[in-house]
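Student: Could you go through this structure with me, one question at a time?

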Amino acid sequence: MLLALLMCYAGFTALCLSTDRHHGELLHSKPSPQRRVGLRAAGWLLLALSIWPAVALGGWSRGLVEWCAVLMLSALLLVLLLPYRPRLALILAGVGLLASPVAALAIL
Amino acid sequence: MKEGFRQAMAWLHTWSGLIFGWLLFAIFLTGTLSYFKDEISHWMQPEVQAYPLDSARSLGVAQTYLQQVAPTAARWFINLPDDRDPALTVMWQDKLDPGRRGNFIQKTLDPVTGQDVQARESMGGEFFYRFHFQLQMPHPWGRWLSTIAAMVMFVALITGIITHKKIFKDFFTFRPRKGQRSWLDGHNAVGVLVLPFHLMITYSSLVIFMSMVMPAPILASYAGDTRAFFNDVFPATNNAPAQGQPGKLLPLLPMYEQARAQWDGGHVGRLGVNNPSDVNASVNVFRASSDNVVHEFDSIVSFSGTSGELLRTSAGQSLPAIIGGSFYGLHMGQFAGPVLRWLYFICGLAGTAMIGTGLVIWLGKRQLKHAKSGVMPFELRLVEVLNIASMSGLMIAIAAFFWANRLLPVGFAERSAWEVQTFFMAWGVSLLHAVLRRGRQGWVEQLSVGALLFVAIPLLNALTTSHHLGVSLATGDWAMAGFDLTCLASGVFLAWAAWKTQHRAAPQTRAGRARSLTLKQEAN
Amino acid sequence: MKSKTSLALPYRLAVTSRVLAAVVGGYLMASLAAICLALWMPTSRADAVITGMMSSFVFYLLAVLWCFACRTAWRAWFGVMLPSAAFATLAGVGLWMART
């Protein structure tokens, strides 16, 4: 479940950054159109791909349930972190992405 | 209603949410606790020892006991211990009255010695589980009311989605320290981000009781013969009746093992023996619901009790049965391992918070208009009292339930009923308190009492039993330790909430705010 | 909802009427829709009944939403009773066909 969590969290962070309002809050600038598209694509891709580790370990029924749970909780974690510790929120996403290959190796 | 679709839906959301919000808060909170009902029961009955699981021994012990104590009963049930519930429970029913609800005698056995466990009588976590759909009301009224509440919850969820115009734009928006705006942001956050769970839990609760609340298709399709419908859906419970001739019941272990083989190594949840001393005795082996996400109503292997012959095994499930089973299984969450179970718990708390924040917002919006006069109209005061009693009052009641468990004498015969009565008495007292105290005082005082009660539970545990945190953490009894730690954390949360409520600025009217702004400008 | 006229009797009657249409009429419509599904679905009897019951709550929801979204309380009743009559007719045909 850890890899799915890292990917979902990173994915949501990317989607969050792709909005004008939150990009402005977190990175103090307006995202360029290319960056916005890039972040959006990356975000959705991460969310979609995060299904794989969940299902690989638990099978389809358990895996999908776990994926849903991880999806919801990672979004909740991000939204609660953003107003209080925005930098930490971003750092977690970065660290998560870096740690993903390690977590992926643990599954394979 | 002439104002437009969204506004009409907002009206419906607001009013349905208010009228049923108090009840739904209680249902959601007790339901969320139910995800850890086995662990709660373990804390509340620490005398039940957990042994390494040995099904053969447990089964032998149970069968010997039942054959000694209830040889002529109509039905036996044996619930084997598993990794969450260490208890070996046996139940028996003396007479079968078709149509009448059975009165079972239940005993907890020690799986090693085979003796009755002298554990303190308590409903344990089962109390919260049963309360959240039966509401302590006589059968079937509680179930009807909770299912009606579920339908209103469904309406409230959908109208909430329709009303939330900026559901995508505001997806990540949470702005704390901004008064009413923050409450609304919070309500939206716990609502939208956990929406799949809320929709699942609400719709599945309707499906679970659908035969009771929506019997029309059964009656139409089966020409009134509901028994035939249930025999179609649950074929394994259609057991042969007693023949009236004595027969010897074979050992249950081989049947247990054969059933497990049928399920490719699946686990057994419980066994039911019908007419154990009759020649027509039958044994139903039920699969553990923790095996699959989709609850399989038909995962039952049946044997003849006297010959050991395999009578029937579970057939494949049709799509509608799988869908129904999915709703059931997802709601119960019995397939969940420890991590997922905590995620279920957090989602449940989010749902509870969604309802609670909604109730606070409803009142807060309307209170602003009356802040100047200082006197609240009766309707708003009623809402305020009900808000306090149904939220902080309920939390005090839950803590009181745990306190009663530790303070009532272990040997006291009526203690189980008195634990429940303590819960309701505490809830009643908090309602009275809410009536007598002014709004903010009521909140602060009740939240503080709740905080004190919860924070002190680990201490209470240490003073009254030998299973306190020092011991449970050392021996790896995570259920016991987890309970103490969760109570501690809840107490800290309530203390924080009490502090926040005490120190927040009094709600100002627009005029008041403008006045203080001009004063500030003049001062500069 | 804040003006004086909103608390007047006609308004309260209209709201009550909508609530009744939603709660009672909606339940009726949902039940009849469920019966239709149970009688007309080409699966086994038990499966059709289960499908009917599980789907009924969606019909109930739609009825409730309609009763409060439409412009007048009369439309609320109409919008619930008309589909109910249609479902009842279909169900009647289904029962008649099952008997013959």
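Student: What share of the 524 residues of chain B counts as buried?

Tutor: This is a predicted model, in which local features need pLDDT of at least 70, side-chain atom pairs count only at pLDDT 80 or more, and totals for chains, interfaces and linings use all residues. Residues are numbered from 1 along each chain as its sequence is written, while chains are lettered from A and ligands numbered from 1 in the order in which they are written. A residue is buried if 20 or more other C-beta atoms, placed from the backbone, lie within 10 Å of its own. Of the 524 residues of chain B, the share that meets this is 41%.

Student: Where does the kink in α5(A) lie?

Tutor: Helices are DSSP runs of H or I with at least four residues, numbered from the N terminus, and α5 of chain A covers residues 86-107. The bend at a residue is the angle between axes fitted to the seven residues ending there and the seven starting there. The kink is about 40° and comes shortly before the proline A:P101, at A:A99.

Student: Which helices do the buried residues of α5(A) pack against?

Tutor: The buried residues of this helix are A:A89, A:A93, A:G96 and A:S100. Two residues are in contact if their C-beta atoms, placed from the backbone, lie within 7 Å. The partners, both in chain A, are α1 (2-17) and α4 (51-84).

Student: How many residues does the contact take from chain B and from chain C?

Tutor: On the side of chain B that touches chain C, one of the elements giving two or more residues is α12 (319-332). The contact takes 30 residues from chain B and, from chain C, 28 residues.

How values were computed
A residue is buried if 20 or more other C-beta atoms lie within 10 Å of its own, exposed if 12 or fewer, and partly exposed in between; C-beta atoms are placed from the backbone. The expected span of a helix is 1.5 Å times one less than its number of residues.
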